[in-house]
Amino acid sequence: MAGKKKVLAKVVKQEQIANGIFDLWLQTDLAKEAASGQFVGVYPRDKSNLLPRPISICEVKKEESILRLVYRVQGEGTKEFSQLEPGEDIWILGILGNGFSKEEGKGKKVLLMGGGIGVPPMLQLAKELEAESTVILGYRNEELFLKKEFEPYGKVLTATEDGSVGIKGNVMNVIEKEQPEADLIYACGPLPMLKAIKEYAAKKNIPAYLSLEERMACGVGACLGCVCKTTKKDHHSHVDNARICTDGPVFLAEDVLI
Amino acid sequence: MRDTTVKIAGVTFKNPVMTGSGTFGSGMEYQEFVDLNQLGAVVTKGVANVAWPGNPTPRVAEVYGGMLNAIGLQNPGIDVFIERDLKFLEQYDTRVIVNVCGKTIEDYIEVVEKLGDTKVDLLEINVSCPNVKEGAIAFGQRCDALEQITREVKKYAKQPVIMKLSPNVTDISEMAKAAEAAGADAISLINTLTAAKIDIYKRKFVLANKTGGMSGPAIKPVAVRMVYQAAQAVKIPIIGMGGIATAEDAIEFMMAGATAVAVGAMNFVNPYATIEVVKGIEEFMESQKIERITDLIGCVQ
């Protein structure tokens, strides 16, 4: 590990791939260190928006030093990012977070579950895993961003909230209907989805790795802003509060109280 | 060679640049970005007699030109801190200032006594955190309470004592005078300004704690004013802070009367900020032909 850095990355390309969802390709040497489940802090240029925005890594192309970020426009900072043009520079902080544990999935039947803006980080994981993958993706409507890109890596099942494509409802409705076999789950998505997966995994007695999010400031474990209650003593403050930015964002479901 | 050293309570610092408590951990998280040897001092996150879990999340929010936090002083307690954090900091050639928090005077004294046998250079007593219900700011908003805790801590402290003052008071010069009268060796200011942010779509406060402390560049002019007022009121040295991002900001605080300065929230924005301030001060001294940094202290007219 070369350590964390704040560096200028160059915008290679960017396009809107669904309503409010942008696909940003950055060239940076930080790509060489990156793996699935990790994230970068992206800095707005507008100095009234100071803090780096934590955005998960959707895809890594190490040989070309490319980091692909797929994010949703949520506020002022991400709105600014959505206007970035090829050739422009942007400050990023990385590589942050622990990432998914791939070794554990090796040779197993695994479920990759992504909901909404939790879909993008599952793509790099699908690429890295040497497993029999079933991918379950949950969307709001027929805008199934990134779905096709998962297809080379496993069976892809979808749910939409409005029922326009696939099963009506969310990723848990897909599980109920399809009853896929699994030895291990990886998931990223909104909190209610992660809670449901934690409960399901406990019932089935299989391990589940969940990627959590929380409002962050420093991104490097110093400010103690983005903590999550844990079932075990955390190694920083010993108060059962893990830092999502550094101890996570990926946690074993049974280790966190969500 | 220009002289960047400053002195506080008989302790010499290689330069006046420190870290703001709570924004730099104990340095571990920033060693990847910053050579800690180049800092005037590392000021640690607040530590209590026992571990504190802190507040529920969300604990942080962004505001225009700054941020709010309501961490609630999560910390591992003094025993773990001495064993782990102080051991880590001992590897470095920099001064160590430990920020001490507590719910009662006895809590503060317990921590201060345990630090007495360590190599810590100075103690910073946190009587100004706005995010905890008991202790902390309760001691920092009334002159009599501030005097009482300062006296008690001074009785037991083996190291010089800095009282960290709150800006959430009517008259900062009265608070500065109270700390000085009770025996404080130095004061540091400002801690964060109590503030709030509302999510208008959810009709809810953004922070779980409702209110939080505001920091960042947006508060700098308030901090410069308060450091100036405090400097007019007392003779003891002042560590100035509040929104410092650059060497120019740091020099402004020194001209207002600060002997040293701390970089706080800007560490989150620019993890190299402290070192850039150190270098920028040297460049300013060079270009302005200033021999001793101490010549700048309180020089504003």
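**Entry 1: where the chains meet**

I began with the contact between the two chains of this predicted model. Chain B brings 34 residues to it, and chain A brings 24. I then asked which elements of chain B give two or more residues to the side that touches chain A. They are β5 (60–63), β6 (66–69) and α7 (266–269) of chain B. Sorting that side of chain B by class, I noted 18 nonpolar, 12 polar and four charged residues.

**Entry 2: chain A as a whole**

Next I looked up the make-up of chain A, which has five helices and 16 strands. I wanted to know how its radius of gyration stands against that of a compact globule. For 258 residues the expected value is near 18 Å, and chain A has 18 Å, so the two agree. The C-alpha trace of chain A spans about 50 × 45 × 35 Å along its principal axes.

**Entry 3: the two domains of chain A**

The domain assignment splits chain A into domain 1 (5–96) and domain 2 (103–255). I noted 21 Å between the C-alpha centres of domain 1 of chain A and domain 2 of chain A. In their contact, 22 residues of domain 1 of chain A face 18 residues of domain 2 of chain A.

Which strands build the domain 1 side of chain A? At least two residues each come from β1 (5–18), β3 (39–42), β4 (53–56), β5 (59–61), β6 (66–72) and β7 (89–96) of chain A. The largest share, three residues, belongs to β6(A). By class, I wrote down 15 nonpolar, five polar and two charged residues for this side of domain 1 of chain A.

**Entry 4: backbone oddities in chain A**

A reminder to myself before this one: most peptide bonds are trans, and most residues other than glycine have a negative phi. With that in mind, I went looking for exceptions.

- Gly94(A) and Ile95(A) are joined by a cis peptide bond, with omega about -15 degrees. Ile95(A) sits in strand β7 of chain A, and β7 is among the strands that supply residues to the side of domain 1 of chain A touching domain 2 of chain A.
- Gly248(A) to Pro249(A) is a cis peptide bond too, with omega near 15 degrees. I found Pro249(A) in the loop between β15 (241–243) and β16 (250–252) of chain A.
- Leu224(A) is not a glycine, yet its phi is positive, at about 65 degrees. Leu224(A) lies in the loop between β13 (208–211) and β14 (227–229) of chain A.

**Entry 5: chain B as a whole**

Over to chain B, where I noted eight helices and 16 strands. Its radius of gyration is 18 Å, close to the 19 Å of the globule rule for 301 residues, so chain B is as compact as a globular protein of that length. The C-alpha atoms of chain B fill a box of roughly 55 × 50 × 40 Å along the principal axes.

**Entry 6: helix packing in chain B**

I followed the packed helices along the chain, starting with α2 (105–115) and α3 of chain B. Their axes are 9 Å apart, at an angle of about 30 degrees. An angle under 35 degrees counts as roughly parallel, so α2(B) and α3(B) are roughly parallel to each other. The crossing of α2(B) and α3(B) is right-handed. On the α2(B) side I listed Ile105(B), Tyr108(B), Ile109(B), Val112(B) and Glu113(B), and on the α3(B) side Ile149(B), Glu152(B), Val153(B) and Tyr156(B). That contact has seven nonpolar, no polar and two charged residues.

How do α3 (143–156) and α4 (172–181) of chain B pack? Their angle is about 30 degrees, with axes 8 Å apart, and α3(B) and α4(B) are therefore roughly parallel. They cross in a right-handed sense. Cys143(B), Leu146(B), Glu147(B) and Thr150(B) of α3(B) meet Glu174(B), Met175(B), Ala178(B), Ala179(B) and Ala181(B) of α4(B). I noted six nonpolar, one polar and two charged residues there.

Last came α4(B) with α5 (220–233) of chain B: about 45 degrees, axes 8 Å apart. This makes α4(B) oblique to α5(B). Here the crossing is right-handed. Ile172(B), Ser173(B), Ala176(B) and Lys177(B) of α4(B) meet Met226(B), Gln229(B), Ala230(B), Gln232(B) and Ala233(B) of α5(B). The residues of this contact divide into five nonpolar, three polar and one charged.

Technical notes:
Residues are numbered from 1 along each chain as its sequence is written. Chains are lettered from A and ligands numbered from 1 in the order in which they are written. This is a predicted model: local features need pLDDT of at least 70, side-chain atom pairs count only at pLDDT 80 or more; totals for chains, interfaces and linings use all residues. Domain bounds come from an automatic or database domain assignment. Two residues are in contact if their C-beta atoms, placed from the backbone, lie within 7 Å. Helices (H or I, at least four residues) and strands (E, at least two) are DSSP runs, numbered from the N terminus. Ala, Val, Leu, Ile, Met, Phe, Trp, Tyr, Cys and Pro count as nonpolar, Asp, Glu, Lys and Arg as charged, and the others, Gly among them, as polar. Axes are lines fitted to C-alpha atoms, for helices over the stretch in contact, and angles run from 0 to 180 degrees between N-to-C directions. Angles under 35 degrees count as roughly parallel, over 145 as roughly antiparallel, 65 to 115 as roughly perpendicular and the rest as oblique. A crossing is left-handed if the near helix is turned anticlockwise from the far one by less than a right angle, and right-handed if clockwise. The radius of gyration is taken over C-alpha atoms; the globule rule is 2.2 Å times the number of residues to the power 0.38.
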